[in-house]
Amino acid sequence: MRRSFLFALPALAAFALAGCGETADDAGGPDGEASEASGVTPPLLADEEGAELEISLQTTPMEERVATIGLLNKRNNVTTDFEITPGTVVEDGAVIIRLEACERTAPYEFPQETGAFVQVDIRERGESDHTRVFSGWLFKENPSLNIVEHPIYDVWIKDCAMSFPGDE
């Protein structure tokens, strides 16, 4: 079943404008009455048969997103993939990877980009403590923009799993 967002554009615009300076007390519903708890009525889409479908205007909360991070050990040519959520730390041997955030552009936005804010700490041979070698955004579509510069390890973002309004 294919849905067109053309039907939803007026409702989405009204929803976006509804939050401009109004409180829940003075926000009116379609009949001039205050709507329920949030003060905003979610927009509706119509499918091909004309039935109304309610859509959510929220993306996946940060703590529910899942990033796939790749780690390459150049010494032994072993690649490991980690699926982690923001706020999580993974350790693989001498490497510690912290994921702070991951983002992906909506399917209807161009150019498509996927990014993650990561911190990479590495313990060198003979050392007892880890040293931070990278802290910043990594981008899937442009890996040379910010790179983890280390002679032994490469770290990169592969994906950020999250949903958008209108996704099923």
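**A core, a sheet and an aromatic cluster**

Student: Before the details, which residues have the most contacts inside the largest nonpolar core?

Tutor: This is a predicted model. Its largest nonpolar core has 26 residues, and I69, V118, V120 and V155 are those with the most contacts inside it.

Student: And which strands supply at least two residues of this core each?

Tutor: They are β3 (66-73), β4 (78-84), β6 (95-104), β7 (114-122), β8 (131-139) and β9 (153-161).

Student: Take V118, then. What is V118 in contact with, leaving aside its neighbours within four places in sequence?

Tutor: V118 is in contact with I69, R98, L99, F134, S135, G136 and L138. One of these, I69, is also listed with V118 among the residues that have the most contacts inside the core.

Student: Changing topic: how many aromatic pairs does the structure hold?

Tutor: The structure holds two aromatic pairs. In one of them, F117 and W137 meet edge-to-face, at 5.8 Å centre to centre and with 75° between the planes.

Student: Why does that pair tie together parts that are apart in sequence?

Tutor: F117 belongs to strand β7 and W137 to strand β8, so the pair joins parts that are 20 residues apart in sequence.

Student: What about W137 and F139: how do they pair?

Tutor: W137 and F139 are stacked, with 6.3 Å centre to centre and 20° between the planes. F117, W137 and F139 thus belong to one aromatic cluster.

Student: Why does F117 count as partly exposed?

Tutor: F117 counts as partly exposed because its relative accessibility is 23%, and buried means under 20%. W137 is also partly exposed, with a relative accessible area of 30%. For F139 the relative accessible area is 25%, and this residue is partly exposed.

Student: Back to the strands. In what order do the three strands of the open sheet run?

Tutor: The order is β4-β3-β9, and the pairing is antiparallel. β4 and β9 are the edge strands, each pairing on one side only.

Student: How far are neighbouring strands of this sheet turned against each other?

Tutor: On average they are turned by 20°, with direction ignored.

Student: Over how many bridges do β3 and β4 pair?

Tutor: β3 and β4 pair over seven bridges, in the antiparallel sense.

Student: And which residue in β4 does A67 stand opposite?

Tutor: A67 stands opposite I84 in β4.

Conventions. Residues numbered from 1 in each chain as written. Predicted model: local features only at pLDDT ≥ 70, side-chain atom pairs only at ≥ 80, totals over all residues. Heavy atoms only, no water. Core = buried A, V, L, I, M, F, W, Y, C linked by side-chain atoms within 4.5 Å. Buried < 20%, exposed > 50% of the residue type's maximum accessible area, 1.4 Å probe, protein only. Helix = DSSP H or I, 4+ residues; strand = E, 2+ residues; numbered from the N terminus. Contact = heavy atoms within 4.5 Å. Phe/Tyr/Trp six-rings, centres within 6.5 Å; stacked < 30°, edge-to-face > 60°. Pairing = 2+ DSSP bridges. Axes fitted to C-alpha atoms, helices over the stretch in contact; angles between N-to-C directions.
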